[in-house]
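Trainee: Please choose one part of this model and take me through it closely, and then set it among its surroundings. I would like to follow the reasoning as well as the outcome.

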Amino acid sequence: MGDEDFPVQARALNYWFGRGEARKQALYDIDLRIARGSLTVLVGPSGSGKTTLLTLLGCLREVQQGLVILLGHELHGATPALATALRRRLGFIFQAHNLHESLTAAQNVMMGVQVLGRVDKARAQAAAAHVLGLLGLSERLDYLPANLSGGQKQRVAIARALVGNPELVLADEPTAALDRDSGANVVELLKRLGQARGTTTIMVTHDNRILDRADRILTLEDGRIVGDEARGG
Ligand SMILES: Nc1ncnc2c1ncn2[C@@H]1O[C@H](COP(=O)(O)OP(=O)(O)OP(=O)(O)O)[C@@H](O)[C@H]1O
């Protein structure tokens, strides 16, 4: 099986914060291969390195030592142009949802495809309306973020991450602000995208609704992978 079967691979990955005496190792000898189309969950105590790992895999911080192969490309020493091109093939869902307050829900989501420069406005609009509909927000397309609840804003952020049809979705506690039904709906959507389009998801979460539906659960402790459990999903 080649790189296309494993959109994310890490080998002997180490990572440190700080320099000199303040230098502190956050990740130790991470070895990973994530299968295409799967939903992988990262769990572990606060400070165990989950977010650091997620951001390294997503090309949001520089690899210092070891290998990360993202969508077939080695990240160590990647040029800024390659890093940007790779990030455009990913969908990020982080907790600070950073919606533009002056744009409606639909316009915020359209930004998710328009930054890619691949589609015209009408198609971006249609795509945004479609994904917002899948997330139960058909009635809220023209609302400004200020008039949406926390959970609705989070779903807009999720729609923005998904609208560009990313090959890999990286998410940090994406369902924390969602009620039970919305959280379950988001997970089912990600599972469906995995099956239909081979979209791969790696997510930090402690949400049991998601753990029950995960294909794989990786447990981090003190910067090391201490558990790797395959699930039925
Ligand atoms: N910018 C930073 N500068 C210095 N140390 C950092 C920085 N970011 C994280 N760390 C340290 O690296 C380690 C891993 O942090 P990380 O945020 O990846 O853990 P986490 O498992 O995601 O935690 P949480 O569940 O609280 O988000 C921790 O010891 C943390 O204090």
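Mentor: A residue is called buried if 20 or more other C-beta atoms lie within 10 Å of its own, exposed if 12 or fewer, and partly exposed in between. Keep in mind throughout that the model is predicted; the mean pLDDT of the protein is 92, with 96% of its residues at 70 or more, and for the complex the predictor gives an ipTM of 0.95 and a pTM of 0.92.

The part I would choose is strand 2, and within it Asp 29, which has its place in that strand. Asp 29 has 14 other C-beta atoms within 10 Å, and because this count falls between the two limits, the residue is partly exposed. The backbone at Asp 29 also deserves attention, since its phi is near 45°, a positive value in a residue other than glycine. As background, most residues other than glycine have a negative phi.

Next comes the sheet to which strand 2 belongs, an open one of four strands in the order 2-1-4-5 with antiparallel pairing. Strand 2 and strand 5 (73-74) stand at its edges with a single partner strand each, so one side of each has no neighbour in the sheet. At the other end of the order, strand 4 (residues 65-70) pairs with strand 5 in the antiparallel sense over two bridges, and there Ile 69 stands opposite Glu 74.

Strand 2 also matters to the ligand's surroundings, where strand 2 (24-34) and helix 1 (50-57) are the elements that give two or more residues to the shell. The residues around the ligand include Lys 24 and Ala 26, and also Lys 50, Thr 51 and Thr 52. Helix 1 contributes the most, with three residues. Others in the shell are Phe 17 and Gly 18, as well as Gly 44, Ser 46, Gly 47, Ser 48 and Gly 49. By class, the shell is made up of two nonpolar, eight polar and two charged residues.

From there we can step to strand 3 (residues 39-43), which is largely enclosed by the rest of the structure because four of its five residues are buried. Strand 3 pairs in the parallel sense, over four bridges, with strand 8 (residues 200-204), and it pairs in the parallel sense with strand 9 (residues 216-221), also over four bridges. Leu 42 takes part in both pairings, standing opposite Val 204 in strand 8 and having Leu 218 as its bridge partner in strand 9.

Strand 6 (residues 90-93) gives another view of burial: Leu 90 and Phe 92 point one way and Gly 91 and Ile 93 the other way, yet all are buried. That arrangement follows the general rule, in which the side chains of a regular strand alternate between the two faces of the sheet. Strand 6 runs parallel to strand 7 and is joined to it by four bridges, with Gly 91 opposite Val 169.

After strand 7 (168-172) comes the loop that leads to helix 6 (180-197), and in this loop lies Glu 173, a second residue to set beside Asp 29. Glu 173 is not a glycine but has a positive phi of about 50°. Its surroundings hold 18 other C-beta atoms within 10 Å, which is short of the 20 needed for burial, so Glu 173 is partly exposed. Ala 176 is in that loop too, and because 14 other C-beta atoms lie within 10 Å of its own, Ala 176 is likewise partly exposed. Ala 176 is 72 residues from Thr 104 in sequence, and the C-alpha to C-alpha distance between the two is 23 Å.

Finally, the domain assignment divides the protein into domain 1 (1-89 + 167-233) and domain 2 (97-165), and their C-alpha centres lie 24 Å apart. Eleven residues from domain 1 and eleven residues from domain 2 make the contact. On the side of domain 1 that touches domain 2, helix 6 provides the largest share, five residues, and the classes on that side are six nonpolar, two polar and three charged residues.

Definitions and conventions:
Residues numbered from 1 in each chain as written. Predicted model: local features only at pLDDT ≥ 70, side-chain atom pairs only at ≥ 80, totals over all residues. Near = placed C-beta within 6 Å. Nonpolar A, V, L, I, M, F, W, Y, C, P; charged D, E, K, R; others polar. Pairing = 2+ DSSP bridges. Domains from an automatic or database assignment. Contact = placed C-beta atoms within 7 Å. pLDDT = per-residue confidence, 0-100.
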